[in-house]
Amino acid sequence: MADRGGPTQDVSRTAVPTTTTQPPGRSLRRTGLLVTLVLGGLTATPPLAMDMYLPALPEVTRSLHAPAATVQLTLTACLAGMALGQLVVGPMSDRWGRRRPLLAGLAVYVVATALCALAPTVEFLVAFRLAQGLAGAAAIVIARAVVRDLYDGVEMARFFSTLMLISGVAPIVAPLIGGQILRVTDWRGVFVVLTAVGVLLAGVVWRKLPETLPSEDRHSGGVGEALRAMRGLLADRAFAGYTLAGGFAFAALFAYISASPFVIQEIYGASPQTFSLLFGLNSVGLVVVGQINGKVLVGRVSLDRVLGVGLAIVILAATALLLMSLGAFGEVGLTPVAAALFVLMSAMGVTLPNTQALALLRTKNAAGSASALLGTSSFLIGAVASPLVGIAGEDTAVPMAVVQLAAALVALACFMGMCRPWNGRADGRAVAEGAEN
């Protein structure tokens, strides 16, 4: 495997995009805020598709006469679809550019979401959610690839934090909207709203997002070249380490997403609206910490160091949740559990964007494939975590806490063992200094 400072990856390029890699640079600079909002909308696709639906999970179990573990497979199917879809769309965007695969994916996403609203059984709902995830993958993977087309070094890390602010609005608003939708209609109405949002996003992308990958930088090869590019990326030990660390951190996050509706509502007796409020507060913590990361820490503190601290905080919060679930502190109410979940979610504000930025710093000419590997690993690992949190039934939070703690420990092990952060080569600050010199 290649060393962190190996010759196969260039991590000391300037943070200012050149005309070679980004011909429409001037127009994008003139409409920078608009492009940021569009990319933020694309990265908001996963939380919109999953989080708006969360308050309805208990209702779906009753409406479709299905057990909770089976209904949780609708989340797993969507997540697995997003993971597998990225493996296809990422290399496609390296070959044909960003716009065409993105628009095609959004069109299929709209159709699949509409079908979810019409699903007669839980089996059909699982199948339609899989299709929804496969198509929605285009938004996730291409948004990251566009960022890599336009930015490098510290600027890229800062932009990822900015995207976290925008996309973070989705998990704040989505459960609140979902809870309010359930006041006037059933869970099918949630998918009707998601369909309308997909149509709006596709229209904005069609009108406002230019192509960011020039024809001379596209790959002309087929599947074989895409596989070779991915194999080369995975041969870079640091890239693989950051990818796995981000994937297992995402698993801890998705264990919360999948289990919290049952933990908060069924175990602690909260209403869907209370759950939505708590979910929104946790997302606020993630967004605020993400902005501290982008505005204060990036460029001043080692990204590797910030990432290590973030993973340590996730481990501490997951440990506290496990102890409370096991009754180590006696009977505890909702407040201590909600506080621990808030700390865990807030730490994701430095963990997730920094793993993505540090991994993408390892590549320049195959951003679509690199973004696909990042996304696929996160979503596949998260998809495995989802059913695990329900194996002990709906009356205990122990499985959620165990999955979160185990995932965070594995993430830290991958980060320390494979990335070797003490070397400091792929660190964001080192990249910036190299660019200035």
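## A walk through a helical chain

L176 is a residue of helix α8, which covers residues 153-184. The model in which L176 is seen here is a predicted one. With a relative accessibility of 34%, L176 counts as partly exposed, because the range for that class runs between 20% and 50%. L176 is one of the residues that make up a nonpolar patch on the surface, with an area of about 550 Å². The other members are L277, L281, V309, I313, F342 and V343. Three helices each give at least two residues to this patch: α12 (272-297), α13 (303-325) and α14 (334-360).

Before following these helices further, it helps to see the chain as a whole. The secondary structure consists of 17 helices and zero strands. The chain has 437 residues, and 58% of them are buried. Its accessible surface is about 16,500 Å², and carbon and sulfur atoms account for 67% of that area. Among contacts with a separation of 6 or more, 87% are between residues 24 or more positions apart.

One of the patch helices, α14, can be looked at in more detail. Helix α14 is 27 residues long, and its first and last C-alpha atoms lie 39 Å apart, close to the 39 Å expected at 1.5 Å a residue. A kink of about 30 degrees is nonetheless present in α14, with its centre at M348. Of the 27 residues in α14, 20 are buried, so this helix is largely enclosed by the rest of the structure.

Helix α8 also offers a buried position to set beside L176. S161 lies in α8, and its relative accessible area of 1% makes S161 buried. Which residues does S161 touch, leaving aside its neighbours within four places in sequence? The contacts of S161 are with G290, Q291, N293 and G294. These numbers fall within the span of α12, given as 272-297. S161 can also be related to V350: the two are 189 residues apart in sequence, while their C-alpha atoms are 8.5 Å apart in space. The number of V350 falls in the range of α14, 334-360.

A charged pair is found in another part of the chain. The count of salt bridges comes to one. In this bridge the side chains of R98 and D149 meet, with a distance of 2.8 Å from N to O. R98 sits in the loop between α5 and α6 (99-117), and D149 sits in helix α7 (residues 122-150), so the pair ties together parts that are 51 residues apart in sequence. Are the two partners buried or exposed? R98 is buried, at 3% relative accessibility, and D149 is buried as well, with a relative accessible area of 6%.

Two residues have a backbone angle worth noting. Most residues other than glycine have a negative phi. H65 is not a glycine, yet its phi is positive, at about 55 degrees. H65 is placed in the loop between α4 (57-63) and α5 (68-96). The relative accessible area of H65 is 73%, which makes this residue exposed. The other case is R420, which comes just after α16 and has a positive phi of about 45 degrees.

The last stop is the region around α16. T396 lies before this helix, in the loop between α15 (367-388) and α16. T396 is partly exposed, at 26% relative accessibility. Its C-alpha is 7.1 Å from that of I267, although 129 residues separate T396 and I267 in sequence.

Helix α16 itself has 22 residues, and the distance from its first C-alpha to its last is 31 Å, close to the 32 Å expected at 1.5 Å a residue. M416 belongs to α16, which runs over residues 398-419. M416 is partly exposed, with 36% relative accessible area. When residues up to four places away in sequence are not counted, M416 touches P421 and W422. M416 and Y242 are 174 residues apart along the chain, and their C-alpha atoms are separated by 9.7 Å.

Key:
Residues numbered from 1 in each chain as written. Predicted model: local features only at pLDDT ≥ 70, side-chain atom pairs only at ≥ 80, totals over all residues. Heavy atoms only, no water. Patch = residues over 30% accessible without salt bridge, like charges linked within 9 Å, V, L, I, M, F, W, Y side chains within 5 Å. Areas by Shrake-Rupley, 256 points an atom, 1.4 Å probe, with all protein chains shown as cover. Salt bridge = Lys/Arg side-chain N within 4 Å of Asp/Glu carboxyl O. Helix = DSSP H or I, 4+ residues; strand = E, 2+ residues; numbered from the N terminus. Buried < 20%, exposed > 50% of the residue type's maximum accessible area, 1.4 Å probe, protein only. Expected span 1.5 Å × (residues − 1). Bend = angle between axes of the 7 residues up to and from the residue. Contact = heavy atoms within 4.5 Å.
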